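This report covers the internal cavities of one protein chain and the domains around them. The sequence and the model come first.

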Amino acid sequence: MNIGILSKRTTMLTGRLKNCLESKGFNISIYTLDNLVINQNLLNQDFYILKSKNLFFLYAGYFLEANGIPVIPKPDISFIQKHRIHSNFLMKKIGLTTPEIYLGTIDTFKKQFSVEDFPFILKPLMGSGSKGVKIIRTLKDLNSKGKTILYLEKFVKGIHYTVYFIGDEICTLIKPPLSDEHVDMKLIETPDDIQDLITKWRNYFNGDLLFGHLDIVREESNNKLYVVDPGSFPEFTNWKCRGSPIENICKLILEKYEYIKKK
Amino acid sequence: MIKIGILIDKYHLENKVTEFLEYIKSKAEITIYIEESYLFNSSKFDFDEDLFFTKAKGELILAFIKLIEEESSIPIINSYKGTWLAINRFLNSVFLKKAGIPLAEFSLNPKGSDPPFRDFIIKNIIDQKNYKFKPIVNKVNGRLNVADERALNEVDKTDPKYNYLYYQKFIKSKWEYKIYGIGEEVFFYKQLPILVNPNKTESRKKIDDIPELKEYCYKAMEVMDLKLTSLDFLKSKDQFYLTDINCTPNFNYIKDGHKIVANYLLKQAKQ
C-alpha cells in the first residue's frame, strides 16, 4: 500500500511515523512544501496522513478528499483546530469554556480598550502552539500596521496544562505559560474535570479524532477550565504515559483507513 | 421598519455603495459596521437586525459573519461558507469542478515548479484584499505567461507571503462573459478580455440569457452557498470555462443594480 504524508518536515514525528509504517511493509512518500504540487499527480497514493496544518497541506487534503482519496485526520478537523475563530466557536458550541476573543485594528483597540481591560494574549489567526504568541500588557506592546486585523484573547491567569490524548489514553502535564510543546513538563494524574473535558471534545468528532492535544488553563480565582489551544497532530514530545505514541498513532491511523475502506 | 446591518470595509464604503446606501436607507433602518473601526468581541451579541449584508471579505468581517451564524438565526448574505470559499481560489476551484462546472485547468505549485499546461495565467491564492487585477504578460520559450501582480507579491515581496502560485490554464477567448447572480435573477454581460482592452467597461455590453451559463451560475451559488455573486467565463471552441467567482460583486455595472440588490435584501429580510 502507498501512503503519503503531508508534513512541513521529514524528521521528528513524521520521520518516526514513516519508519513505523515502512516497518509494516508500506511505501511512504513525504510531501513537504518543497515538493508538494497540488494537482492530479497527487492521486497516486492509497491514502494520506495530514501531519501539518499549513494552508497548502489543508488545500491538498481538501483536493484529495474531493477526488476520493482518504485523508487522516480529515482536513476539516485539522482546519477547525488551526483557525482560531473556528475553534473558538466550536468549543462554545460543545459547551467548553474559552477566553473572550477580540479582533480589530490597532487604532480600534486604542480607542476602545482602557487600562483595566489588559492583559491580553496576541495570537496569529491561523496557528497552533506558541509561534507568534505574545502577552500584551499595555497598548505599547502591540506593534502593527494601521489596517492589519489583530487577534487578541483575554489572558487567563492560572495553571497551564498540555493534555495529550491518543485513543482513550489521556496524558496530562503542567507546563510554563505560553511555552511550546517541547519544553520540559511535569506529568500529573489527570483530574476528573479535565478527563470530562477531553471526552466531550473527542465525542463531538464522533470517532474521527484519533489523537491530539488541548492546551488548557485552570483559572486561579475560580478553578474554571479554559481551553486556549487545540492541536490535531502534536509531536507528543512530552508524552510521559503508557505506551509508545508512535506505535499507537500508526495503529490508529491504519485501523481508521481500514474502516474507511470498508465503508 | 426593517433593520439591516451592513458589514463593509472602508474601500467599499467610500467607492462602491453610494447609490445603494441612498436607496436602501429610504426603505430600511441601516446600521453600518466598518471593518477598520469595529471592535469584534466574541461574547458580545446584542444585534436585532432582520438581515445582514456583507460587502467585504477581510478577517474581521469573516469572524463577524461566523458570530452571526453561530449565535443567531439572522440571515446573512453572503454566508461564511460562501465568502470563505470565494476568497480561497484553489478550494473553490476544487469544489466547483467536483460539482460539474467546467473550469479552466488549474494547479497549485511551489515557486519554480512549472504547471502541467503550456500557456497559463498566475492568480493570487487568497482573494481577500481590495485590489485591481494588474496583468504582467511575458512570452517565455514560446509559452504565454500572464501573472497577476498580487500573486507575485505574495511569493516575492509583501504579506501574505506564500511559496506557492496558483496557475490557471490560459484560455484564448474573444469575449469575457460576466454573469451576475442575485437570488434567483441572473444577468448577462460580455466584454473584451482585460488583456485585449484593459478598460473593462468600454466594451461591456448586456447580452441575452445563455441557458448554459445560467445553469452554471445556479449550480455555483448552490455549491458555495452564495446568494449574491459574479462569475467570469471564457469561451474556447464552443466550450465555456469558469475562471473566477466573486462574493462581493460590483453590482453598479448592472443597470439599476443598486436597486435590484437592495430590493432583494429587503425581500429576504421580510421572510
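## Cavities and domain contact

The lining of the second largest cavity is made up of 6 nonpolar, 4 polar and 3 charged residues. The model is a predicted one, and the values below were computed from it.

This second largest cavity has a volume of about 100 Å³. Its lining counts 13 residues, and A:S87, A:E153, A:V227, A:V228 and A:P230 are the closest to its centre. At least two lining residues come from each of α4 (84-94), β8 and β13 of chain A.

In total, the structure holds 3 cavities of 30 Å³ or more. The largest cavity has a volume of about 220 Å³. Of the 21 residues that line the largest cavity, those closest to its centre are A:K123, A:V133, A:H160, A:L178 and A:V228. The elements that contribute two or more residues to this lining are β6 (120-123), β8 (150-154), β9 (158-166), β12 (211-219) and β13 (225-231) of chain A. The most comes from β12(A), which gives 3 residues.

The table sets out the class make-up of the two linings.

| Cavity | Nonpolar residues | Polar residues | Charged residues |
|---|---|---|---|
| Largest cavity | 10 nonpolar | 4 polar | 7 charged |
| Second largest cavity | 6 nonpolar | 4 polar | 3 charged |

A:V228 is listed among the residues closest to the centre of the largest cavity, and A:V228 is also listed for the centre of the second largest cavity.

Where does the largest cavity lie with respect to the domains? The domain assignment divides chain A into domain 1 (2-72), domain 2 (101-154) and domain 3 (157-244). The largest cavity lies between domain 2 and domain 3 of chain A, because both domains give residues to its lining.

The centres of domain 2 and domain 3 of chain A, taken over C-alpha atoms, are 25 Å apart. Their contact involves 9 residues from domain 2 of chain A and 6 residues from domain 3 of chain A. Interface size is often expressed as the accessible area lost when the parts come together. For domain 2 and domain 3 of chain A, the buried area is about 470 Å², with 54% of it given by carbon and sulfur atoms. How many salt bridges cross the interface of domain 2 and domain 3 of chain A? The rule finds 0 salt bridges across this interface.

Note on methods
Residues are numbered from 1 along each chain as its sequence is written. Chains are lettered from A and ligands numbered from 1 in the order in which they are written. This is a predicted model: local features need pLDDT of at least 70, side-chain atom pairs count only at pLDDT 80 or more; totals for chains, interfaces and linings use all residues. Side-chain values use heavy atoms; hydrogens and water are left out. On a 1 Å grid over the protein atoms alone, a cavity is a set of points where a 1.4 Å probe fits but cannot get out, and a pocket is an open set with protein on both sides within 12 Å along at least five of seven lines; lining residues have an atom within 4 Å of a point. Grid points are joined across faces, edges and corners, and a volume is the space filled by probe spheres set on the points. Helices (H or I, at least four residues) and strands (E, at least two) are DSSP runs, numbered from the N terminus. Ala, Val, Leu, Ile, Met, Phe, Trp, Tyr, Cys and Pro count as nonpolar, Asp, Glu, Lys and Arg as charged, and the others, Gly among them, as polar. Domain bounds come from an automatic or database domain assignment. Contact means heavy atoms within 4.5 Å. Buried area is the accessible area (1.4 Å probe) that two parts lose on being put together, summed over both. A salt bridge is a side-chain nitrogen of Lys or Arg within 4 Å of a carboxyl oxygen of Asp or Glu.
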